[in-house]
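Thank you all for coming. I would like to walk through one structure with you this morning, moving from one residue to its surroundings and then outward to the rest.

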Amino acid sequence: TPPAGGECPPSPAGSACSTGSLDPTPCSPGFFAAKEGQAKCEPCPPGTSSDHGSNACDECEAGRYAANAGQGLCVPCPHPLSSANGSTTCSFCMDDYYLRDPSADQDDIFTSPTEYCRPCPPNAVCSDNTTLASLVLPPGFWRASP
């Protein structure tokens, strides 16, 4: 039952009650209300997301990203890219791949990841964020380039 005067009752965290509303409204995905009684839900910052009715935003997991504020879901990185927790883009090659040209523009890597991320050579070790220069070879193997 709305209180006398037609005002919205105090909204719980995860919802907001704008002026003129009679009932609190849960925050939409990508938005949050951290405290009780907020008049509006705030957008989650880039690198985070939230579910319906959230009182906080969750950092994107490694391998996912949220480029924009107010995203309801963190998006998987395009193959074969990866990212750190809380990322706004996918900026390095995933496990079992290496970055051929570390001086390449981040936007170019993101839009054409298979041109820049190459499969790890046999007998080499390529963890997340490996470049040609940091590629680890076991004893007894060599490479002709840095």
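Let us begin with S87, which, if we set aside residues up to four places away in sequence, touches G47, C60, R64, Y65 and A66. Please keep in mind throughout that we are looking at a predicted model. S87 has its place in the loop between β9 and β10, and is it buried or exposed there? With a relative accessible area of 13%, S87 is buried, because the cut-off for that word is under 20%. There is also a polar contact within this stretch of the chain, in which a polar atom of the S87 side chain lies 2.7 Å from the backbone oxygen of A84.

Two of the residues that S87 touches, C60 and Y65, lead us on to other parts of the structure, and I will take C60 before Y65. Which cysteine is joined to C60 by a disulfide? The partner is C74, and the S to S distance is 2.1 Å. The torsion about this S-S bond is about -80°, so the disulfide of C60 and C74 is left-handed. The pair links distant parts of the chain, since C60 sits in the loop between β6 (58–59) and β7, while C74 sits in the loop between β7 and β8, 14 residues apart. Both ends count as buried, C60 at 1% relative accessibility and C74 with a relative accessible area of 12%.

In total, the count of disulfides comes to six, and I would like to show you two others. C77 is joined to C90, with 2.0 Å from S to S, and here the torsion about the S-S bond is about -85°, so this disulfide is left-handed. C77 lies in the loop between β8 and β9 and C90 in the loop between β9 and β10, 13 residues apart, so that this pair, too, links distant parts of the chain. C77 is buried, with a relative accessible area of 13%, and C90 is buried, with a relative accessible area of 0%. The other one is formed by C120 and C126, whose sulfur atoms are 2.1 Å apart. What is the handedness of the disulfide between C120 and C126? It is right-handed, because the torsion about the S-S bond is about 80°. Here again C120 and C126 are both buried.

Now we come back to Y65. A search of the whole structure finds one aromatic pair, and that pair is made by Y65 and F110, with 5.5 Å from centre to centre and 80° between the planes, an edge-to-face arrangement. Y65 belongs to strand β7 (residues 64–65) and F110 to helix α1 (residues 106–111), so the pair brings together distant parts of the chain, 45 residues apart. The two partners differ in their surroundings, in that Y65 counts as buried at 13% relative accessibility, whereas F110 is partly exposed, with a relative accessible area of 24%.

Why is F110 not called buried? Its 24% is not under the 20% that the word requires, so F110 is described as partly exposed.

Y65 is also one of the eleven residues of the largest nonpolar core, which includes C77, C90, C93, L99, I109 and C117 as well. Apart from this core lies another, of five residues, among them Y98, C120, A124 and L135. As a general background, in soluble globular proteins nonpolar side chains tend to be buried together.

C93, a member of the largest core, has contacts that, leaving aside neighbours within four places in sequence, include P80, L81, C117 and N129. Two of these residues deserve a look at their backbone. P80, in the loop between β8 (75–76) and β9 (81–82), is joined to H79 by a cis peptide bond, with omega about 0°. N129, in the segment after β12 (117–119), has a positive phi of about 70° although it is not a glycine, and N129 is partly exposed, with a relative accessible area of 48%.

Finally, where is D96, which has a positive phi of about 75° without being a glycine? D96 lies in the loop between β10 (92–93) and β11 (97–99), and at 52% relative accessibility D96 counts as exposed.

Methods: Residues are numbered from 1 along each chain as its sequence is written. Side-chain values use heavy atoms; hydrogens and water are left out. Rings of Phe, Tyr and Trp (its six-membered ring) pair if their centres lie within 6.5 Å; planes under 30 degrees apart count as stacked, over 60 as edge-to-face and the rest as tilted. Helices (H or I, at least four residues) and strands (E, at least two) are DSSP runs, numbered from the N terminus. Buried means under 20% relative accessible area, exposed over 50%, partly exposed in between (1.4 Å probe, protein chains only). A nonpolar core is a set of buried Ala, Val, Leu, Ile, Met, Phe, Trp, Tyr and Cys residues joined through side-chain atoms within 4.5 Å. Contact means heavy atoms within 4.5 Å. A disulfide is a pair of cysteine sulfur atoms within 2.5 Å. A polar contact is a pair of N or O atoms within 3.5 Å; within protein, one must be able to donate a hydrogen and the other to accept it, and residues adjacent in sequence count only if both atoms are side-chain atoms.
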